[in-house]
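Me: I would like a close look at one part of this model, the paired charges. Please start with the charges as a whole and then take the pairs in turn.

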Amino acid sequence: MTANVDKFTTVIELQDVHYQIPSDSEVLDIIKACNLSVQSKEIIAIVGRSGSGKSTLLSLMAGLESPSSGNVNLLGHTLNHCSEDERAQIRAQQVGFIFQNFQLMPSMTALENILMPLELFEIENAQEKALQALKQVGLENRAHHRPAELSGGEQQRVAIARAFVTKPKVLFADEPTGNLDEETAAQIQDLLFELNRTIKTTLIVVTHDLEFAQRCQKSYHLSNGHLLEQITTEATHA
Ligand SMILES: Nc1ncnc2c1ncn2[C@@H]1O[C@H](COP(=O)(O)OP(=O)(O)OP(=O)(O)O)[C@@H](O)[C@H]1O
Ligand SMILES: [Mg+2]
């Protein structure tokens, strides 16, 4: 499946999206009537309390979950009309996802984890690109360590490198600095903003760090299943 995102200025569109989870005795309304439009190259922050549905919302935007009702459009594709395989292909070719729990392959080294998406698409100079990505997250000396031999913050940085090494059109980042000290977190924020400037990646960032959210162009608050845009000061990353 090919899609030329340059044709689209709207990269993500949510229309009246609801997401319910059947529970023992009741149905849980996690996401209620969410509408959102993200333009190409925008940087969007999503904040909200633990359990408010931020990770769920990212999964819906990336087509990892399907809404109970409503429409999700990603990179010109109406995801409701796509098969599981088509959605996987869109994600693999054009989307990067930094999972809150990293989801690294435990049997692979840091370098092998980053090489994986490059090798999948037979991208040239994969080794060189993977090493460069490791260097960008400050882990060039941990290339041959497996996830279990890395600290939580180091695993998070491998997950970040794996997500951006393919130069995705859209990068979903679920609390990408949640496990990092202040200085490393600031470096990772700078790196994400640099990716936005240099390779024009649209960024959707979930964070509990309100200063990070303020550096983004727009900030949305997810509360009680509803997504509300917050008034932020002028973005400072540019
Ligand atoms: N499979 C499931 N079954 C039942 N409830 C679920 C399931 N998955 C998620 N939930 C519930 O959905 C709600 C939203 O979860 P989600 O992980 O999206 O929250 P979050 O905002 O990302 O939280 P955090 O900031 O802690 O990461 C939570 O109340 C959670 O308990
Ligand atoms: Mg979460």
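How far apart are the mean positions of the positive and negative charges of the protein chain? And which residues form salt bridges, and where do they sit?

Reply: The mean positions of the 19 positive and 30 negative charges are 4 Å apart. Lys and Arg count as positive here and Asp and Glu as negative, leaving out His and the chain ends; each charge is placed at NZ of Lys, CZ of Arg, CG of Asp or CD of Glu.

This is a predicted model, in which local features need pLDDT of at least 70 and side-chain atom pairs pLDDT 80 or more, while totals for chains, interfaces and linings use all residues. Residues are numbered from 1 along each chain as its sequence is written, chains are lettered from A and ligands numbered from 1 in the order written, and side-chain values use heavy atoms without hydrogens or water.

Some background on the chain helps to place the pairs. The protein chain has 7 helices and 10 strands, where helices (H or I, at least four residues) and strands (E, at least two) are DSSP runs numbered from the N terminus. Its radius of gyration is 17 Å, close to the 18 Å of the globule rule for 238 residues, so the chain is as compact as a globular protein of that length. That radius is taken over C-alpha atoms, and the rule is 2.2 Å times the number of residues to the power 0.38. The C-alpha trace spans about 45 × 40 × 40 Å along its principal axes. Buried residues make up 46% of the 238; buried means under 20% relative accessible area, exposed over 50%, and partly exposed in between (1.4 Å probe, protein chains only). Of the contacts (heavy atoms within 4.5 Å) with a separation of 6 or more, 66% join residues 24 or more positions apart.

Now the pairs. The structure holds 4 salt bridges, each a side-chain nitrogen of Lys or Arg within 4 Å of a carboxyl oxygen of Asp or Glu. Three of them follow, including K218 with E42.

In the K218–E42 pair, the closest N and O atoms are 3.2 Å apart. This pair links distant parts of the chain, 176 residues apart: K218 is in strand β9 (residues 218–223), and E42 is in the loop between β2 (27–39) and β3 (43–47). K218 is partly exposed at 23% relative accessible area, whereas E42 is buried at 12%. Strand β9 also holds S219, which is buried at 1% relative accessibility. S219 and E229 are 10 residues apart in sequence, and their C-alpha atoms are 5.9 Å apart in space.

A second bridge joins the side chains of R142 and E154, at 3.5 Å from N to O. Here the two residues are 12 places apart, with R142 in the loop between α4 (126–136) and α5 (152–164) and E154 in helix α5. R142 counts as partly exposed at 26% relative accessibility, and E154 as buried at 13%.

The third bridge brings D190 and R215 together at 3.0 Å, N to O. It links two helices: D190 lies in α6 (residues 182–198) and R215 in α7 (residues 210–215), 25 residues apart. D190 is partly exposed, with 41% relative accessibility.

Away from the pairs, a charged residue also appears in helix α1: K54 is one of its buried residues, along with L57, L58, S59, L60 and M61. This helix is mostly covered, 6 of its 8 residues being buried. Within α1 (residues 54–61), S59 has 16% relative accessibility and counts as buried. Beyond its neighbours within four places in sequence, S59 is in contact with L64, E65 and F97. G63 follows α1 and has a positive phi, near 75°.

Two residues other than glycine have a positive phi as well. L75 has a phi of about 50°; L75 sits in the loop between β4 (69–74) and β5 (77–78) and is buried at 0% relative accessibility. Q103 has a phi of about 55° and lies in the loop between β6 (95–98) and α3 (110–120). In contrast to a buried residue, Q103 is partly exposed, at 43%.
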